[in-house]
Amino acid sequence: MGRRSLLLLLLAFLTPGASSPVSPSLRAPSSLPWSTSFKSRPTITLKYSIRYIQQKVDHFGFNIDRTFKQRYLIADNYWKEDGGSILFYTGNEGDIIWFCNNTGFMWDIAEEMKAMLVFAEHRYYGESLPFGADSFSDSKHLNFLTTEQALADFAKLIKYLKRTIPGARNQPVIALGGSYGGMLAAWFRMKYPHLVVGALASSAPIWQFNDLVPCDTFMKIVTTDFGRSGPNCSESIRRSWDAISRLAKKGSGLRWLSEALHLCTPLTKWQDVQHLKDWISETWVNLAMVDYPYESNFLQPLPAWPVKVVCQYFKYYNVPDTLMLQNIFQALNVYYNYSGQAKCLNVSETATSSLGVLGWSYQACTEMVMPTCSDGVDDMFEPHSWNMKEYSDDCFKQWGVRPRPSWIPTMYGGKNISSHTNIIFSNGELDPWSGGGVTKNITDTLLAIVIPNGAHHLDLRASNALDPVSVQLTRALEVKYMKQWISDFYVRLRKMN
């Protein structure tokens, strides 16, 4: 899989519309002497209907008439035709039902917003396969797997819903998404401002392209998370790579490593050792992403604050190599076997199967080229430079395509986005993807929230009694701005009539 596999995964207090100078982002307090309106809601069964719409395989050409069924979900229990709204989740790289079940924030606010919830599945993921079972059999079929085509799907779906659902025609739509879905939400508002009145882009690394941010920022944030979660934790991990190499070079080292780490597939050659290291690296990255304050099962079943739990095994870094590897196994076990059901550790998997690994691998080889690197000094990983030629050759070998690393900044503006309006960019301080996100206000309607003690799109998850107050405040602000966008929409509508 290599370092490219790391890419698989994955507000200021201003009155909306007020004429005030642009300020840095709101740094939400980690603790407050009062409570907010968001409380943990009891576990409920999410009720939605599953629907399909026929979409063009190619929205921008005129020679291909082929269509496919795009899946989407609708929940309208709290929707009101009078003064209501439509919250539209811009589906990302996986099964839309999985994202629906992990976006509790939308369900929590549906009644307050009088909202119809719509979850749109991204083409080439889940059941929305343009060429059915053959969608990934030929790179020519994958030529239509682009952000532009996906946004066009969303645009057509919104127009279809407004045309076919009585009462929806004159209602405001807000785009919401997390991670890649957050990027799509922001880009959707930029490209189709006539269809959505605003967007909430959570953990959306829209600047993790080209040289818009340093390539080492991502790994530095992961290292900071581990460093603050336990004494000597990041330093122990930094030293572990040489320990693995030394053990692997011994006569029976590969067998010993395989047994010590309880690997499902034993290591048989030196190349397997690098694969093992990449797999372990990706595990640390994923733990930083989902370092939530309560038990969760987003990527894997995990305890509360899993990085702190893992760091308990790395208190001492000056230990014999064999003990270091035993500590690594215990730490890996937190991520891969918290449920106690795993009989061995599979180095071919790091996250839920609901994510579309094949589709994202292709996207990372075409448009979604997000450089990462490490130096082993300012971070806890082995030194690894960003090599575009090597990356491109790997993509050509796998898919027969060459990446276009400059296309996304060209298409969506890079850092030159001040002409757009009504987008909230939220980023958790613990989330390594925040390094490529918007973390300072750009204008008084392009707003940034930085969430202390917040991991990957924590604000989009369901409210929980263990949530830091910082994320409770963030959600309250997000609702405040969305309500303002809705109010402004209805004011304009009345003036038009």
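Here are three short exercises on the disulfides of this predicted model.

**Exercise 1.** Work out how many disulfides the structure holds and which pattern they follow.

*Solution.* Start with the search of the whole structure: it turns up 4 disulfides. Next, count the bonded cysteines along the chain, and the pattern reads 1-7, 2-4, 3-5, 6-8.

**Exercise 2.** Take C215 and C373: find the handedness of their disulfide and the parts it ties together.

*Solution.* First check the bond: the S to S distance is 2.0 Å. Then look at the torsion about the S-S bond, which is about 85°, so this disulfide is right-handed. Now place the ends. C215 sits in the loop between β7 and α5, and C373 in the loop between α11 and α12, so the pair ties together parts 158 residues apart in sequence. Last, the accessibility: buried needs under 20%. C215 has 23% and therefore counts as partly exposed, while C373, with 9%, counts as buried.

**Exercise 3.** Do the same for C233 and C311, then set C264 and C344 beside them: is each link left-handed or right-handed?

*Solution.* The sulfur atoms of C233 and C311 are 2.1 Å apart. Their S-S torsion is -75°, and the link is left-handed. C233 belongs to helix α6 and C311 to helix α9, 78 residues apart. C233 is buried at 1% relative accessibility, and C311 is buried at 2%.

Over to C264 and C344, with sulfurs 2.0 Å apart. The torsion is about 100°, so that disulfide is right-handed. C264 is partly exposed at 33%, and C344 is partly exposed at 33% too.

Conventions:
Residues numbered from 1 in each chain as written. Predicted model: local features only at pLDDT ≥ 70, side-chain atom pairs only at ≥ 80, totals over all residues. Heavy atoms only, no water. Disulfide = S-S within 2.5 Å. Helix = DSSP H or I, 4+ residues; strand = E, 2+ residues; numbered from the N terminus. Buried < 20%, exposed > 50% of the residue type's maximum accessible area, 1.4 Å probe, protein only.
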